[in-house]
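Biologist: Could you walk me through this one, beginning with the ligand and then turning to a sheet?

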Amino acid sequence: MATIVRPEVVTYHQYIDGQWTDSDAGGTFDVINPSTEEVVATAPAGGRADAQRAIAAARRSFDDGEWRNQTQLQRSQTMFAIARHLQDRGDDWAMLEARTAGATIRKASVVDVPLAVETFRSMAEQALQIPWYEPLPWIDIPHVSWNFVQREAIGVCTGIVPFNFPLMIAMWKLAPALAMGNSIVLKPSPFTPLTLLEVARAIDETGLLPRGVLNVVTGAGDDLGEELVVNDDVDKVAFTGSTAVGRRILALAAPTIKRVTVELGGKSANIVCADADLDVAVDGTLFGTFFHQGQACESGHRVYVHDDIYDAFMERLVATAAALRVGDATDYDTQVGPVISRRQYDSILAAIDRAQAEGATLLCGGGRAGGAGDKGFFVQPTVLADVRPESHIATDEVFGPVLAVQRWSDPGDVVRRANRSIYGLAGGIWSRDTRGAIEMAKQLRTGTVWINDWHLLNALAPFGGYKQSGSGRELGAYGLREYTEVKHIHVDQNVPREDRHFYDVLLG
Ligand code: NAD
């Protein structure tokens, strides 16, 4: 396995059954720096056979039981030791996220790497509180028996990860799966496979995880990704990505009735009330939208501004948005980096054009960000006003630095408009009236609501979507439970045959 962040193109390998391996078919793909369009690394183009090898390794390790049969305390302590090593090894990962995911180096070093390591540690800690055994009350119908619930690891889990937060979202799957005693095969996005491979390398260095418990395969979604969903030896699939692919995952998982959690797209509504603190609400709205170039699933791309403060709010919002520094993600001065790919860049610019054709007014941005030459996928932070509720820019996920603004005056109406979406991932309210904001939050049909803040997820709180933003939850105790099965065990109390009246329904 090669070391990271070198100027030359680095060759990476998949991590299967404790070995670094090429793909079965021998092919590779290039990993591109979206700021420069240069090739950073190559990784194996895994296919069905690679997925099958990794799943077989995970199955064997799970069935051997070396990891799953440890006590919770042993497993958590092992994970704490691994977390300390990840912390030591994580220094280089921020630059790698910047060079491959286009995460600004500020964001990668302040948010991605520390939170990824903390998630790993925290899930191990929270797992100590999940009961593996829950006694049920004695019951005497039809006669006395002793009943309890036994919680168990699910088995072989697969985790399919999107490009936008390669390190963090991989940890959201890896940490709870390991904490609850499972084996896992992870597939990063082909755009951003490197940091997860580095995590696997760091874990491998500790020698603390039994062979085959963690596997990482690299490649496209088609054959490789689909095998991770359909394979009979897979017990649970944890998918994060677009709603379109999520629908396909659910269909593929149906014939084998897999346990599936899907964390999908969003178009979150950001409601700015008349009594909002403008200093916080303007910067918070910008943070909620342009952080990571708007490529966060729970970004607040639909902004509803109250009539009473509309002019003052918009003036400040547009002035600040227009002044954001767009550039190479590895430069500490950069506030907004590139989007992930040429295709994504083209689709964002097309969405902006279409929004204007559908009546929206362009207040800033709208095109390629200058100053970075002709290389790199840089889109100007864009603000569109006069957005019609039924227009595409108001309803479709764009996944770029594009903010679509509507006005409001009636609270019932703005809640109705906020909820009129196929998505339900997150929402936000800016107001000094905390009680009123909580009442409004309860009416939003989304898995997360921020009041006077945005993007602040934490390892204790469940994260997931209503409606077509997903099914199931990640993080917190809710997320840990998604990696377990529960079994009811009924223990007869030596009731004599003559008292077993239910048997007489058949035999009497
Ligand atoms: P994507 O759906 O294109 O790909 C996600 C992953 O699925 C990748 O690893 C890809 O290779 C794989 N994949 C693609 N087709 C597959 C198939 N047929 N079978 C199995 N795997 C397949 O998403 P993306 O472009 O990488 O990420 C952006 C999307 O992810 C956005 O829609 C965003 O909202 C969503 N997202 C959601 C959350 C959340 O928690 N709800 C978090 C981050 C991103």
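Modeller: A residue counts as near the ligand if one of its heavy atoms lies within 4 Å of it, and please keep in mind that this is a predicted model.

Biologist: How many residues surround the ligand, and which are the closest?

Modeller: The ligand is surrounded by 28 residues, and the closest are Val 161, Lys 187, Ser 242, Leu 264 and Glu 397.

Biologist: What does the side chain of Glu 397 do there?

Modeller: An N or O atom in the Glu 397 side chain is 2.6 Å from an oxygen atom of the ligand. From the backbone, an N or O atom of Phe 163 lies 3.1 Å from a ligand oxygen, and a polar backbone atom of Gly 241 is 3.3 Å from an oxygen atom of the ligand.

Biologist: How much of the ligand does the protein cover?

Modeller: On its own the ligand has 840 Å² of accessible area, of which the protein covers 88%. The ligand sits in the largest pocket, and the elements giving two or more residues to the surrounding shell are helix H7 (221-230), strand S11 (236-240) and helix H8 (243-253).

Biologist: Now the sheet: what is the strand order?

Modeller: It is an open sheet of 3 strands in the order S1-S5-S4, with mixed pairing, and its edge strands are S1 (10-11) and S4 (28-32). S1 pairs with S5 (residues 39-44) in the parallel sense over 2 bridges, whereas S4 and S5 are antiparallel over 5 bridges.

Biologist: Which residues of S4 are on its covered face?

Modeller: Phe 29 and Val 31 form the covered face of S4, while Thr 28, Asp 30 and Ile 32 are on the uncovered one.

How values were computed
Residues are numbered from 1 along each chain as its sequence is written. This is a predicted model: local features need pLDDT of at least 70, side-chain atom pairs count only at pLDDT 80 or more; totals for chains, interfaces and linings use all residues. Side-chain values use heavy atoms; hydrogens and water are left out. Two strands pair if DSSP finds at least two bridges between them. Helices (H or I, at least four residues) and strands (E, at least two) are DSSP runs, numbered from the N terminus. Buried means under 20% relative accessible area, exposed over 50%, partly exposed in between (1.4 Å probe, protein chains only). A polar contact is a pair of N or O atoms within 3.5 Å; within protein, one must be able to donate a hydrogen and the other to accept it, and residues adjacent in sequence count only if both atoms are side-chain atoms. Accessible areas come from the Shrake-Rupley method with a 1.4 Å probe; for residues, only the protein chains shown count as cover. On a 1 Å grid over the protein atoms alone, a cavity is a set of points where a 1.4 Å probe fits but cannot get out, and a pocket is an open set with protein on both sides within 12 Å along at least five of seven lines; lining residues have an atom within 4 Å of a point. A molecule sits in a cavity or pocket if more than half of its atoms lie within 2 Å of its grid points.
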